[in-house]
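Please look over the assembly shown here before reading on. The paragraphs below take its parts in turn.

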Number of protein chains: 4
Amino acid sequence: MRIQKVQQAAVLLFAERGFAATGIREIGRKLELNSATLYHYTGSKEDLLVGIMRLALENLSTMGQSAVARSARPIEQLGYLVSAHVGLAALNPLTSKVIDHELRSLAPRNYETLLALRDEYEALWAEVFERGLSVGEFAKDTDAKVARLAVIEMCNGVANWFHADGPLTIIEIQERFVNLAGRMVGVDRLSDQLSEGHVTPVKLDVEPTVWAG
Amino acid sequence: MRIQKVQQAAVLLFAERGFAATGIREIGRKLELNSATLYHYTGSKEDLLVGIMRLALENLSTMGQSAVARSARPIEQLGYLVSAHVGLAALNPLTSKVIDHELRSLAPRNYETLLALRDEYEALWAEVFERGLSVGEFAKDTDAKVARLAVIEMCNGVANWFHADGPLTIIEIQERFVNLAGRMVGVDRLSDQLSEGHVTPVKLDVEPTVWAG
Amino acid sequence: MRIQKVQQAAVLLFAERGFAATGIREIGRKLELNSATLYHYTGSKEDLLVGIMRLALENLSTMGQSAVARSARPIEQLGYLVSAHVGLAALNPLTSKVIDHELRSLAPRNYETLLALRDEYEALWAEVFERGLSVGEFAKDTDAKVARLAVIEMCNGVANWFHADGPLTIIEIQERFVNLAGRMVGVDRLSDQLSEGHVTPVKLDVEPTVWAG
Amino acid sequence: MRIQKVQQAAVLLFAERGFAATGIREIGRKLELNSATLYHYTGSKEDLLVGIMRLALENLSTMGQSAVARSARPIEQLGYLVSAHVGLAALNPLTSKVIDHELRSLAPRNYETLLALRDEYEALWAEVFERGLSVGEFAKDTDAKVARLAVIEMCNGVANWFHADGPLTIIEIQERFVNLAGRMVGVDRLSDQLSEGHVTPVKLDVEPTVWAG
DNA sequence: GATGAATGAGGATTCATTCAT
DNA sequence: GATGAATGAATCCTCATTCAT
């Protein structure tokens, strides 16, 4: 039994019912483990959540930096960011739900730390939008902040409805979302402009493997 | 003390911390009321949530129908839907968060009922996208389902960041979002095509009035 | 609305579920009355019980004294006591259950008072058994105390199973029980020796009228 | 701490104050245990009651079958049934009170199950009375049903007043009750006819040991 | 008489967590 | 690593009762 299994069980339940509504005993039950045993793997229920979120947010941030580094042109950077974000959300939907919804469940100390991680990530987007505008690659009438928030939120949504056994592959989702985002800033068929192709997402260690049925 | 005040206090806390993490005593404390007294106004904590969500979802659904009824052209219908949805989310951000996040907190019976309400609403959008494509008003390469989910999710996001005392008015938000949604289906400056102007949102009875400070 | 109706509703519920398991609101509901209104009729839930038990026990005691006064012979006195007790239990089964089971629900002060009433009544029986033995009307090998307790308990039992719409009339029950009690002290067909016939029981004001169906 | 101790504490309190009037905290206090700890031993307060009643009723039923099996003659069978029942009631008075009074405290599901157990036991008595009459061992004018109910009820009563430190031993109680029951069906000195002697009762695991003082 | 609103105390139960084994 | 027993605090909710209207 490894910490990873514990985190996966936690992610599954946190995503499904929420952190507050999930009992430590439920996590134990899912692992066929006494709840007391979980305390060999984690200091507290909140620590478990923090470990999950930190890993996911650090991954997201790193991925974002790589995405931006793929090109010097804001429009392409936007495409890679969307591709990476959507890829991560589609391949790790449960973990993505957790980072989207459970920041508020953290005690102040942890909240600050993890919020900083997320802000760092969002700052990448902000810069891309600002440069896209100043450089003139984005439509002039774009509101950088509103557009940024809209794009990120629409990408987050993927975690809510994407299913691996659905009609679309992850690459197809990425393509559609890149094109949608491109259009939002006035660029058509942005997907075609990504010379490196779509970002291949990584399956996070904390993402549980759910069997389709 | 009216049921409305109870619902507003509940919305405030449910939106902030989540349903599961909110105690009935906290709601009472916010109202300076003994927790037992709350049970004069509601049958249970879940009933309180159901009352709130039903009202909000019914409102959303009605609003959506009116929006669609404003025009026969899918592209305009999309604009009005976005305008209405964003308007509601901006004027009632806390209630919107609750309907976005707390469906999962409901027991099966209530879950089904309210999910049906939301599905009814989303069906309006689905029809608009399908007709927009078949009629040829939307760009041919639009994926109706993906685009619909993306647009709705980006509109929902407004509830997460909009503040009445921020730099933008509700109408400005509506305009920007209508334009973003228009572009997503290949139409520029959709806001200008809405002959009736933007939908004026209604402040829901359950939405608490928060004082900016 | 009279206190009597309140007492009847209370007896019905106390007999069915027990005093502790009956809520003041349930009594109100049965009367289509707000629970607060009940406090116009009684000082407290316990007062309600006390009123019921006092009336019933006083009735029982009075009835017992009359029964004993009907004859100077212990064996006939026993017959009349049984006839009276069984008659009361059969005509007022719910109230009888309450006095049999709910003494323990009373606070010390009330407990003492009502226990004294019941003891007074049981003393009548004790005297009859003692005189029956000393006078030689009861079989010599009778254990006065054991027989007395056995007879009383078996009579109490009537309240548990007698139904007005059952196959036996109250008089038939009385006859059978008088004969059983007679035999227990060695006298056959005691019922035939009761020159005054069976005691006609009184329907207590607190006994609810239940409709057979 | 064993489940048995928990059951004993529960029986003590349930017998004294009734199930509904007994708090889970009181049971804990009696055991010097936090009330939460009780939930390691039982699923709920009602489960605790069910466990107690099931054990007692199964014991009663088994004992009744053995009693009937001791002889082929109904009159002796009656004697053994009374001996067994009274013996059990005298040795386990608190548990007996619980099974006599608390069936009504059970939720429908449990109520049915345990009522069936009790009915099975009472069916043994019914058969004995019917055969006693048909075979001609019982007085011809006996009303089988009434006599049966009277005898059982008078035996149940033992639990209400018997004390181990009283003047009579259990065997003496058994003898007197067997004789009383015999006379009720027209047979004198039935105790002398029980060739196997009185039934030796078993102390149930759930019966608390109360120290006389 | 009657009631809606209100409450403090307490109901059963579950919580995250600790610790000796 | 693993667990059963244990607990204090908290959970939602119901209790009997009071009181202004």
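What follows goes from the pairing of two chains to a helix packing and then to the DNA.

This is a predicted model, in which local features need pLDDT of at least 70 and side-chain atom pairs count only at pLDDT 80 or more, whereas totals for chains, interfaces and linings use all residues. Residues are numbered from 1 along each chain as its sequence is written, and chains are lettered from A and ligands numbered from 1 in the order in which they are written.

Between chain A and chain B, 22 residues of chain A are in contact with 22 residues of chain B, where contact means that the C-beta atoms of two residues, placed from the backbone, lie within 7 Å. On the side of chain A that touches chain B, the elements that give two or more residues are helix H7 (144-156) and helix H9 (170-184) of chain A, helices being DSSP runs of H or I with at least four residues, numbered from the N terminus. H7(A) supplies the largest share of that side, six residues. By class, the side of chain A that touches chain B holds eleven nonpolar, five polar and six charged residues; here Ala, Val, Leu, Ile, Met, Phe, Trp, Tyr, Cys and Pro count as nonpolar, Asp, Glu, Lys and Arg as charged, and the others, Gly among them, as polar.

How are these two copies related? A turn of 180° with a shift of 0.0 Å along the axis lays chain A on chain B with an RMSD of 0.1 Å, the superposition being by least squares on the C-alpha atoms of residues with pLDDT of at least 70 in both copies. The two copies are thus related as by a two-fold rotation axis. In chain A, the C-alpha of A:Met154 is nearest the axis, 2.3 Å from it.

Within chain B, helix H8 (residues 144-161) and helix H9 (residues 170-184) pack at an angle of about 165°, with their axes 11 Å apart. H8(B) and H9(B) are therefore roughly antiparallel to each other, a term for angles over 145 degrees. The residues of the contact of H8(B) with H9(B) divide into nine nonpolar, no polar and no charged.

Around DNA strand E there are 29 residues, of which the closest are A:Ser44, B:Ala36, C:Ala36, D:Ala36 and D:Ser44; a residue is near the strand if its C-beta atom, placed from the backbone, lies within 6 Å of it. The surface near DNA strand E has twelve nonpolar, twelve polar and five charged residues.

Technical notes. Axes are lines fitted to C-alpha atoms, for helices over the stretch in contact, and angles run from 0 to 180 degrees between N-to-C directions. Angles under 35 degrees count as roughly parallel, over 145 as roughly antiparallel, 65 to 115 as roughly perpendicular and the rest as oblique.
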